[in-house]
Amino acid sequence: MSAASPALAAVTALLYAVNPLLLAAIQARNPQHDPVRDPVSDYGVGTARPLFQAYGTAGTLAAALLALLFWQAGLSSFLLLTLTGAVATRVGVVLVPTDLEGAPRTRTGRLHMLLAVASFTLYYMAIDSATPLLAAQATSELAGALHALRTAVTAGLAGLVACLVLPPLRWAFGFAERVFLIAVPVWGLGACVVLAAPR
C-alpha cells in the first residue's frame, strides 16, 4: 500500500470530523425528533432540511475523497467500486426526501429508503474489506480502534436491518442508525491517518 496525499487526507479527515458535529447540531435544533426512534432522514423534511443537506453533503464529499485516497494508496478495485457506489447512493439520499413516520407512503419515500439501504450496505462492505488492510499498516492502538469501529459499523447495520424486519424493534431504529452514522466518520478519520502516513 502506497502513501496517499497528506493534504488530501487532512481535508478528508476534517470533513469526517465535522460530520458528527453537524448531526449533533441538527438534533439540538430539532428536539421534536426522537434520536432513539426517528430516522436521521426525517431531518430532511421541513425546516431542518438545509442543515440536513449540509450534513449529507459533507459526508458524501468525505466518502468521495476517501475513495480517491484509496486509489492513491493502490487499494483494490473492489474497495473503489463499493465506496464509489456508496457515494452515488448517498447523493440520492440527500436529494430525495423520505416519508415521515405515519405519513402515506410515496414513490419518493420508497426510493429514499432503497438508496439509504444501498448506501449503508456499500459503505459497510468498503469498511469491512479495508479495515484489515489499513490495520496492518497502523500502530497497534490505531489498528485496535479501526477494528472496534468496524464492529460498531457492523452492529449498527445489523440493528438497522433488525428494526426494519422486526416491528417490535422499530422503536430503536434511530439509535441503531446513529450508531452506524457516527462510527463511519470516526472510522474514516482513522483511515485518513493510516493512508497519509509515510511508507
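In the predicted model described here, Asp34, Arg37 and Asp38 are linked in a network of salt bridges. Within this network, Arg37 takes part in two pairings: with Asp34, the closest N and O atoms are 3.5 Å apart, while with Asp38 the side chains meet at 2.8 Å, again from N to O. The surroundings of these three residues can be described by how much of each is accessible. Arg37, with a relative accessibility of 39%, counts as partly exposed, and Asp34, with a relative accessible area of 27%, is likewise placed among the partly exposed residues. Asp38, by contrast, has a relative accessible area of 5% and is therefore buried, since the limit for that class is under 20%. In general terms, side chains of opposite charge can pair when their charged atoms come close.

A search of the whole structure finds three salt bridges, and one of them joins Arg150 to Asp128, whose side chains meet at 3.6 Å from N to O. Because Arg150 lies in helix 5 and Asp128 in helix 4, this pair ties together parts that are 22 residues apart in sequence. Asp128 itself is partly exposed, its relative accessible area being 28%.

Aromatic side chains provide a further set of pairings, and the structure holds two of them. In one pair, the ring centres of Phe52 and Tyr55 lie 6.4 Å apart and the ring planes meet at 45°, so the arrangement is classed as tilted. Phe52 and Tyr55 are three residues apart in helix 2, and are therefore separated by about one helical turn. This spacing can be understood from the geometry of the helix: an α-helix has 3.6 residues a turn, so residues three or four places apart point the same way. Both Phe52 and Tyr55 are buried.

The other aromatic pair, formed by Phe120 and Phe180, is also tilted, with 4.7 Å from centre to centre and 35° between the planes. This pair links distant parts of the chain, as Phe120 belongs to helix 4 and Phe180 to helix 6, with their positions 60 residues apart in the numbering. Phe120 has a relative accessible area of 12% and is buried, and Phe180, at 2% relative accessibility, also counts as buried.

Turning to the helices themselves, helix 1 comprises 24 residues, from 6 to 29, and reaches 35 Å from its first C-alpha to its last, which is close to the 34 Å expected at 1.5 Å a residue. Several positions along helix 1 are buried, among them Leu8, Ala9, Leu15, Tyr16, Leu22, Leu23 and Ile26. The buried residues of helix 1 pack against helix 2 (49–72), helix 4 (107–135) and helix 6 (173–196).

Two residues of helix 1 illustrate how accessibility can differ within one element. Gln27, which has its place in helix 1, counts as buried at 18% relative accessibility, whereas Ala28, which also lies in helix 1, counts as exposed at 61%. When residues up to four places away in sequence are not counted, Gln27 touches His33, Pro35, Tyr43 and Arg178. Gln27 and Val40 are 13 residues apart in sequence, and their C-alpha atoms are 8.9 Å apart in space. For Ala28, the distance to Gln137 was also computed: these two residues are 109 residues apart along the chain, and their C-alpha atoms are separated by 38 Å.

The surface of the model also carries a nonpolar patch, formed by Val36, Met113, Val117, Val161, Leu164, Val165, Leu166, Leu169, Trp171 and Phe175, which together have about 890 Å² of accessible area. The elements that give two or more residues to this patch are helix 4 and helix 5, the latter running from 140 to 165. The largest share, three residues, comes from helix 5. Val117, one of the residues of the patch, has its place in helix 4 and, at 38% relative accessibility, counts as partly exposed.

Definitions and conventions
Residues numbered from 1 in each chain as written. Predicted model: local features only at pLDDT ≥ 70, side-chain atom pairs only at ≥ 80, totals over all residues. Heavy atoms only, no water. Helix = DSSP H or I, 4+ residues; strand = E, 2+ residues; numbered from the N terminus. Expected span 1.5 Å × (residues − 1). Buried < 20%, exposed > 50% of the residue type's maximum accessible area, 1.4 Å probe, protein only. Contact = heavy atoms within 4.5 Å. Patch = residues over 30% accessible without salt bridge, like charges linked within 9 Å, V, L, I, M, F, W, Y side chains within 5 Å. Areas by Shrake-Rupley, 256 points an atom, 1.4 Å probe, with all protein chains shown as cover. Salt bridge = Lys/Arg side-chain N within 4 Å of Asp/Glu carboxyl O. Phe/Tyr/Trp six-rings, centres within 6.5 Å; stacked < 30°, edge-to-face > 60°.
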